[in-house]
Amino acid sequence: MAKHKEDLHQEFIKGIWRDNPVFVQVLGMCPMLAVTNTAVNALAMGAATFFVLVGSSFLVSSLRLWIPRQVRISTYIIIIATFVTVTDFTLEALVPKIHKELGAFIPLIVVNCMILGRQEAFASRNSVRLAVMDALGMAAGFLFALLSLGTVREILGEGKLFGFSLFGPDFEPWVIMILPPGGFLTLGLLLLFFSWVKERKQRLEQRLTQLESEAQ
Amino acid sequence: MNELLWIFVSALLINNFVLSYFLGLCPFLGVSGRLDTAFRLGLATIFVMLITALCSWFLNTYVLVYAPYLRLISFIVVIASTVQFIEMVIKKLSPALFKALGIFLPLITTNCAILGLAIFATNRGYGLAEGLVFAFGAGAGFTLALVLMAGIREEVELSDVPALIRGTAMNLIIAGILSMAFMGFAGLFSAT
């Protein structure tokens, strides 16, 4: 039982860091860049994706024994599209302002390759419990990536965070950061940072094993 | 006539799908390694976009008036089946073209630029002619961005770049600079 619990925990954690869908697998880039000009938009997009991913993983994994192999991709897409439609109408009713700002990018969650990828690679082969855990982890990782990008761009581009001014009136905003090029540049630099951290860690580990073998 | 030209130029340069709407990034980053494949993928995308524009106009005018909540599902089903259908037709009529396009044809289904095109055209209330011109401009813009990117990447391949930057990080930074260059087109039509 203890081992089983550990497994669930593992599935959750891997999505946030080791297999982060954006920073490591480089999936789901389109919404990632398009809506992260402010932290609030990033948060709304992350929440919408969260709901769609967890819901469709749950459904796909519960139905996995009944979905014929030949039409599985179309079935997944229809399931995902259903959840996205629900999200679209819910957001429009609850927060019309944010819905308007995100515009066409809410319906475009359907073609987020990360979501379809999780259904194909994980939910269709694992139990409901594992699939939901995996979806929660991946969605949290996606949300984390969206937020880190959105925060950086809003702070540099407008001098604000979640709409609150940070630096006072003297701050000259880097307008380029909230425009499209800023998205590309910020994500490129973030990816660079992550691979730098990874390489450093590898080098440290190598040095450690080297020292250990020398000590023996 | 002027209106149509404006839609075309806007989709091609000013609001380029890849560089300012961030649509179709997966093929943009994935298939831009070589110039000739990039160009072929671009042509296939233009073709699918034109067909999609036609289908989505038809759906919007005759079907979705009665059931707006089916919009997303019907679009995605139509796009997937259109791509499949085109694949079969091309295979039958011109095996050479089919071979040249290869795996890219089925991959277009998951290209968010296609669904994005259908949704944008609907949101802006484009008619048939406007929708087709918009589709052509968007497809040509996608091809332009893809070919530019592939050209730059072929050059960079031979340059002395630090190993750490190589890969996605570098491609994204190149895309950022390209996107900055395309922002220069923003003032093109502001006078009219």
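These exercises work through the helices and the chain contact of a predicted two-chain model. Local features need pLDDT of at least 70, side-chain atom pairs count only at pLDDT 80 or more, and totals for chains, interfaces and linings use all residues. Residues are numbered from 1 along each chain as its sequence is written, and chains are lettered from A in the order in which they are written.

**Exercise 1. Lay out chain A.**

Task: State which elements chain A has, and in what order they run.

Solution.
- Chain A has eight helices and two strands. Helices (H or I, at least four residues) and strands (E, at least two) are DSSP runs, numbered from the N terminus.
- From the N terminus, the order is α-α-α-α-α-α-α-β-β-α.
- The C-alpha trace spans about 65 × 60 × 30 Å along its principal axes.
- Of the 216 residues of chain A, 40% are buried. Buried means 20 or more other C-beta atoms within 10 Å of the residue's own; exposed means 12 or fewer, and partly exposed lies in between, with C-beta atoms placed from the backbone.
- Take the contacts in chain A with a separation of 6 or more: 76% join residues 24 or more positions apart. A contact needs C-beta atoms, placed from the backbone, within 7 Å.

**Exercise 2. Describe how helix 6 of chain A packs on helix 7 of chain A.**

Task: Find the angle, the handedness and the residues of the contact.

Solution.
- Two packed helices are described by the angle between their axes and the distance between the axes.
- Here the axes come within 11 Å and cross at roughly 150 degrees. Axes are lines fitted to C-alpha atoms, for helices over the stretch in contact, and angles run from 0 to 180 degrees between N-to-C directions.
- Helix 6 of chain A is therefore roughly antiparallel to helix 7 of chain A. The classes are: under 35 degrees roughly parallel, over 145 roughly antiparallel, 65 to 115 roughly perpendicular, the rest oblique.
- The crossing is right-handed: the near helix is turned clockwise from the far one by less than a right angle, where anticlockwise would be left-handed.
- Helix 6 of chain A brings A:Met114, A:Arg118, A:Phe122 and A:Ala123 to the contact. Helix 7 of chain A brings A:Ala131, A:Asp134, A:Ala135, A:Met138 and A:Phe142.

**Exercise 3. Place helix 7 of chain B.**

Task: Check the length of helix 7 of chain B, then find what surrounds this helix.

Solution.
- Helix 7 covers residues 112-123 of chain B. At 1.5 Å times one less than the number of residues, its twelve residues should span 16 Å. The end C-alpha atoms are 16 Å apart, which agrees.
- Ten of the twelve residues are buried, so the helix is largely enclosed by the rest of the structure. Among them are B:Cys112, B:Gly116 and B:Phe120.
- The buried residues pack against helix 3, helix 4 and helix 8 of chain B, and against helix 2 of chain A.
- Helix 3 of chain B packs on helix 7 of chain B at about 40 degrees, with axes 10 Å apart. That makes the pair oblique.
- Residues of helix 3 of chain B, including B:Val48 and B:Asn60, meet residues of helix 7 of chain B, including B:Ile114 and B:Thr122.
- Just after helix 7 of chain B, B:Gly125 takes a positive phi of about 65 degrees.

**Exercise 4. Characterise the contact between the chains.**

Task: Say how many residues of chain A touch chain B, and which helix gives the most.

Solution.
- 32 residues of chain A are in contact with 30 residues of chain B.
- Helix 2, helix 4, helix 6 and helix 8 of chain A each supply at least two residues of this side.
- Helix 8 of chain A gives the most, with twelve residues.
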